[in-house]
Amino acid sequence: KDALSLLEKSLKMNKQVMGEEHHSNCLIFIAMSHVHQRLKDYDNAINLLFQVWELYQQIFGSTSLEVASSYLELAQANLKKKDFNEAINFQQKALKVFSEVDQQTVSQDMVADTAITLSEWLEKVERIEEALDVLKQAE
């Protein structure tokens, strides 16, 4: 709880200095989301991550590494919430963005890790064919 109040003050100051729509606010939103996740307050955590996604999309465009990273954050938060279908959905979205980003800017290790994680999650919910397809595409 103390961490949240400090982060909220930090966000308020950052917005005053950098502006409401500055991408640096996203790092604070993400930190706040992580605190909410630790408190098992997943709905607030996910709402903060949607704000990150919206801001990143507005600033950097829908096919940016920032948007992909926000999808990965949303996937992890939904996984902790035990909403596996949503976690898979966001992991798939991240992988799709990675495929659309300039390949010079994206780490192939990150793409592989994202694909492997997605495949594991699909396997856990018994979507075996999809899991195999993801791995084939990642090769």
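**Exercise 1. Classify Ala75 as buried or exposed, then describe its surroundings.**

Solution. Ala75 has 0% relative accessibility, so this residue counts as buried. The model is a predicted one. Next, place the residue: Ala75 belongs to helix 4. Then list its contacts. Leaving aside residues up to four places away in sequence, Ala75 touches Ala87, Phe90, Gln91 and Trp121. Finally, compare sequence and space for one other residue: Val52 is 23 residues from Ala75 in sequence, and their C-alpha atoms are 13 Å apart.

**Exercise 2. State how many aromatic pairs the structure holds, and classify the pair of Phe50 and Trp53.**

Solution. A pair of aromatic rings is described by the distance of the centres and the angle of the planes. The structure contains five aromatic pairs. In one of them, Phe50 with Trp53, the ring centres are 6.4 Å apart and the planes stand at 85 degrees. Planes over 60 degrees apart count as edge-to-face, so the pair of Phe50 and Trp53 is edge-to-face. As for position, both residues are in helix 3 (residues 42-60), three residues apart, which is about one turn of the helix. For accessibility, Phe50 is partly exposed at 30%, and Trp53 is partly exposed at 22%.

**Exercise 3. Classify the pair of Trp53 and Tyr71, and find which parts of the chain the pair ties together.**

Solution. The ring centres of Trp53 and Tyr71 lie 6.3 Å apart, with 40 degrees between the planes, so this pair is tilted. Trp53 is in helix 3 and Tyr71 in helix 4 (residues 65-80), so the pair ties together parts 18 residues apart in sequence. Tyr71 has a relative accessible area of 10% and is buried. To finish, follow the ring pairs: Phe50, Trp53, Tyr71 and Phe90 are linked into a cluster.

**Exercise 4. Describe how helix 2 and helix 3 pack, and sort the residues of their contact.**

Solution. Two packed helices are described by the angle between their axes and the distance between the axes. For helix 2 (residues 24-38) and helix 3, the angle is about 165 degrees and the axes are 8 Å apart. Angles over 145 degrees count as roughly antiparallel, and helix 2 and helix 3 are therefore roughly antiparallel to each other. Their crossing is left-handed. On the helix 2 side, the contact residues include Phe29, Ile30 and Met32; on the helix 3 side, Leu48, Leu49 and Val52 are among them. Sorted by type, the residues of this contact comprise twelve nonpolar, five polar and no charged.

Technical notes. Residues are numbered from 1 along each chain as its sequence is written. This is a predicted model: local features need pLDDT of at least 70, side-chain atom pairs count only at pLDDT 80 or more; totals for chains, interfaces and linings use all residues. Side-chain values use heavy atoms; hydrogens and water are left out. Rings of Phe, Tyr and Trp (its six-membered ring) pair if their centres lie within 6.5 Å; planes under 30 degrees apart count as stacked, over 60 as edge-to-face and the rest as tilted. Helices (H or I, at least four residues) and strands (E, at least two) are DSSP runs, numbered from the N terminus. Buried means under 20% relative accessible area, exposed over 50%, partly exposed in between (1.4 Å probe, protein chains only). Axes are lines fitted to C-alpha atoms, for helices over the stretch in contact, and angles run from 0 to 180 degrees between N-to-C directions. Angles under 35 degrees count as roughly parallel, over 145 as roughly antiparallel, 65 to 115 as roughly perpendicular and the rest as oblique. A crossing is left-handed if the near helix is turned anticlockwise from the far one by less than a right angle, and right-handed if clockwise. Contact means heavy atoms within 4.5 Å. Ala, Val, Leu, Ile, Met, Phe, Trp, Tyr, Cys and Pro count as nonpolar, Asp, Glu, Lys and Arg as charged, and the others, Gly among them, as polar.
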